[in-house]
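I am opening a notebook on a structure that is new to me. My entries follow in the order I looked things up.

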Amino acid sequence: MADGAKPPKGLLIAGIVLLVLGIGGCGYGCTNFVGFVSDLTDVVEGRATVPYGDSTTLQSDAGGAVILTSTSGAECEVVDDSGNQVSLQEPSAGTSGTVDTTGGETLEFQYYFDTDSGVTYEVTCQDGMNGTGGEFVVVSFDIGKIVGGL
């Protein structure tokens, strides 16, 4: 009686290694993103919100900035001190984050953008949905924490 073919152990081992790496990578990303939200909450605390329609300035040195708004339909515009419009990036699909301030406000992570050290940015937001008004805040923040979490 002949022995049957041996099962492919190499493929089984490779599959297990890839499964472990996938689970580990997901855990790492989730941990970074939770840390991002916690750090963002700390940065936002104590910052005054700005009503929609008004402008605020930001002098950045962190390599990036985050805009948080009180409504999800807010439309924002950022201009640097040379008059150039800055490209805003929205969080990836399925990614969101809210920050509850000590004043009882809930702000949503709406946009982020890259900044250059020593440049002043003027930020203006409007309520693009229904014109009910709202508020926003812009803070310097290390964009690498967002990318690492995502």
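Is Y52 buried or exposed? I looked up its relative accessibility and found 13%. Buried means under 20%, so Y52 counts as buried. I note here that the model is predicted.

**Entry: aromatic pairs**

I searched the whole structure for aromatic pairs and got three. One of them is made by Y52 and F136. I describe such a pair by the distance of the ring centres and the angle of the planes. Here the centres are 6.5 Å apart, and the planes differ by 15 degrees. The pair is stacked, since planes under 30 degrees apart count as stacked.

Where do Y52 and F136 lie? I found Y52 in the loop between strand 1 (50-51) and strand 2. F136 belongs to strand 9, residues 135-140. These parts are 84 residues apart in sequence, so the pair ties them together. I also checked the cover of F136: its relative accessibility is 0%, so it counts as buried.

**Entry: the disulfide**

How many disulfides does a search of the whole structure find? I got one. It joins C76 to C125, with 2.0 Å from S to S. The two cysteines sit in distant parts of the chain, 49 residues apart. I placed C76 in strand 4 (residues 74-80) and C125 in strand 8 (residues 120-127).

Next I took the torsion about the S-S bond. It is about 105 degrees, so I wrote down a right-handed disulfide. Then I looked at burial. C76 has 14% relative accessibility and counts as buried. C125 is buried too, with a relative accessible area of 0%.

**Entry: the sheet**

Strands 4 and 8 turned up again when I turned to the sheet. I found an open sheet of four strands in the order 2-8-4-5, with antiparallel pairing. Which strands are at the edges? They are strand 2 (55-59) and strand 5 (85-86), and each pairs on one side only. As background, strands of a sheet pair through backbone hydrogen bonds.

I then followed strand 5 to its partner. Two bridges join strand 4 to strand 5, and the two run antiparallel. I noted V79 opposite Q85 of strand 5.

**Entry: a surface patch**

Last, I went to the surface. I13, V17, L18 and L21 form a nonpolar patch there. Together they have about 420 Å² of accessible area. I picked L18 for a closer look and found it in helix 1, residues 9-44. Its relative accessible area is 60%, over the 50% cut-off, so L18 is exposed.

Note on methods:
Residues numbered from 1 in each chain as written. Predicted model: local features only at pLDDT ≥ 70, side-chain atom pairs only at ≥ 80, totals over all residues. Heavy atoms only, no water. Patch = residues over 30% accessible without salt bridge, like charges linked within 9 Å, V, L, I, M, F, W, Y side chains within 5 Å. Areas by Shrake-Rupley, 256 points an atom, 1.4 Å probe, with all protein chains shown as cover. Salt bridge = Lys/Arg side-chain N within 4 Å of Asp/Glu carboxyl O. Buried < 20%, exposed > 50% of the residue type's maximum accessible area, 1.4 Å probe, protein only. Disulfide = S-S within 2.5 Å. Pairing = 2+ DSSP bridges. Phe/Tyr/Trp six-rings, centres within 6.5 Å; stacked < 30°, edge-to-face > 60°.
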